[in-house]
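Hi there,

Here is the structure I promised to pass on. Please have a look, and below it you will find my notes.

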Amino acid sequence: MDNFDGIIEFVAVAESQGFSAAAKQMNCSTSHVSRQVSRLEARLGSALLARTTRSVSLTEAGQAYYRQCRDLVDGLQQANEQVNAQQVQLNGTLRVSAAGPFAERYVVPALIEFAQQHPELTVDIDFNSHKINLIEDGIDFAIRYGKLEDSGLVARRLLPRPLMAVASPQYLKQHGTPTHPNQLKAHNCIVSNNNHWQFEHDGTALYVKVNGRWKSNNAHAVVNACEQHLGIAYMPKINFLQSINSGTLCPVLEPYWSQGAGSWIVYQNRRFLPMRARLAIDHLINYFRDWEE
């Protein structure tokens, strides 16, 4: 079995591109990871990693070895999960980063249900829309909305988030009701995440750059401004349903609404996630499987 020593550490370094990052993922010391990888290279008689003071990269031999080891480690993890899932009793602290009304109203109840199923588990949810470093901040996974950056993180789509354009009846009476997205250029638009709005028609994407007097990355602030007649807003439907039902806001441009980018579960690497995080992610995926906004 000594021939397998160091393989998991090597795969972690290859995927995180650093000994310190790999050590944090594995919850061990950097010196342990370095020592295990060095012993593996010594047994193989080949350098797997090219090391400099600033970076770590795979050698040609390391790239070939990583491709083989990745499947091996994946298979071992799946076998362990199948056994552990039958007898697991979760404990420790599950740390989640989330932001926005959707997470507040719907992700929280889902995680409460998960916590009730595991009475020894502590759940810590940080509502923060700022960019975070999952490893350095000790976050197991994050719930994020919209188009994701190519950050090397793993992302699983939680569910689609269709968009809706709305305005107050008073605004529409004063400024007119747009019938095509291009007409938004002549309107005050309330900007949330960006001022390039994507619509769809007959399977074709339509992009419109909008402007207005109010901009906020907070959905409640956008809805309030819209209800106070400051312009047209365009966000996921869930943000407007209460206002639509009460009549304070009206839908506009419905034939052109986009299906949106969706909400995502983002994490560093499933292979090194604690069991509590893997099961929580699976719980959320199942919870929202048939959910409609």
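Before the helices, a word on angles: those of 65 to 115 degrees count as roughly perpendicular. Please also keep in mind that this is a predicted model.

With that cut-off in hand, take helix 2 (residues 19–26) and helix 3 (residues 30–44), whose axes come within 8 Å and cross at roughly 110°. Helix 2 and helix 3 are therefore roughly perpendicular to each other. Which residues meet where they cross? Helix 2 contributes Phe-19, Ser-20, Ala-22 and Ala-23, while Thr-30, Val-33, Ser-34 and Val-37 come from helix 3.

Val-37 deserves a second look. This helix 3 residue counts as buried, at 0% relative accessibility. Apart from its neighbours within four places in sequence, Val-37 is in contact with Glu-9, Phe-10, Val-13, Phe-19, Leu-49 and Arg-51. One of these, Phe-10, is 27 residues from Val-37 in sequence, yet the C-alpha atoms of the two are 5.6 Å apart in space.

Now to the sheets. One is an open sheet of five strands in the order 4-3-5-14-6, with mixed pairing. Strand 4 (121–127) and strand 6 (154–159) are its edge strands, and each of them pairs on one side only. From one strand to the next, the twist averages 25°. Strand 6 is joined to strand 14 (residues 263–267) by five bridges, in the antiparallel sense; within this pairing, Arg-157 has Trp-264 in strand 14 as its bridge partner.

Two helices go with this sheet. Helix 5 (residues 101–117) lies across strand 3 (92–98), strand 4, strand 5 (141–145), strand 6 and strand 14, and runs at about 170° to strand 4. Helix 9 (residues 275–287) packs on the sheet as well, touching strand 3, strand 4, strand 5, strand 6 and strand 14, and its direction makes about 30° with that of strand 6.

Another open sheet also has five strands, here in the order 11-8-12-7-13, and again the pairing is mixed. Its edges are strand 11 (214–215) and strand 13 (250–252); each has a single partner strand, so one side of each is left without a neighbour in the sheet. Further in, strand 8 (residues 189–191) and strand 12 (residues 232–236) run parallel and are joined by two bridges. Cys-189 has Ile-232 in strand 12 as its bridge partner. Helix 7 (residues 219–227) packs on this sheet and touches strand 7 (163–167), strand 8, strand 11 and strand 12, with its direction at about 145° to that of strand 12.

You may also like Ser-243, which is placed in helix 8 (residues 241–246). Is Ser-243 buried or exposed? Its relative accessibility is 5%, so Ser-243 counts as buried. Not counting residues up to four places away in sequence, Ser-243 touches Val-223, Glu-227, Thr-248 and Leu-249.

Finally, the aromatic rings. The structure holds six aromatic pairs. One of them is formed by Phe-102 and Phe-288, a tilted pair at 5.6 Å centre to centre with 45° between the planes. Phe-102 lies in helix 5 and Phe-288 in the segment after helix 9, so this pair ties together parts that are 186 residues apart in sequence. Both Phe-102 and Phe-288 are buried.

Phe-199 and Tyr-234 make a stacked pair, at 4.3 Å centre to centre and with 20° between the planes. Here Phe-199 belongs to strand 9 (residues 196–201) and Tyr-234 to strand 12, so the parts tied together are 35 residues apart in sequence. Phe-199 is buried, with a relative accessible area of 0%, and Tyr-234 counts as buried at 5% relative accessibility.

Back at Phe-102, ring pairs link this residue with Tyr-106, Tyr-287 and Phe-288 into a cluster. What lies over the face of Phe-102? That is Arg-161, at 4.3 Å from the ring centre.

Enjoy exploring the model!

Best wishes

Terms used: Residues numbered from 1 in each chain as written. Predicted model: local features only at pLDDT ≥ 70, side-chain atom pairs only at ≥ 80, totals over all residues. Heavy atoms only, no water. Pairing = 2+ DSSP bridges. Helix = DSSP H or I, 4+ residues; strand = E, 2+ residues; numbered from the N terminus. Contact = heavy atoms within 4.5 Å. Axes fitted to C-alpha atoms, helices over the stretch in contact; angles between N-to-C directions. Buried < 20%, exposed > 50% of the residue type's maximum accessible area, 1.4 Å probe, protein only. Phe/Tyr/Trp six-rings, centres within 6.5 Å; stacked < 30°, edge-to-face > 60°. Lys NZ or Arg CZ within 6 Å of the ring centre and 35° of its normal. Parallel < 35°, antiparallel > 145°, perpendicular 65-115°, else oblique.
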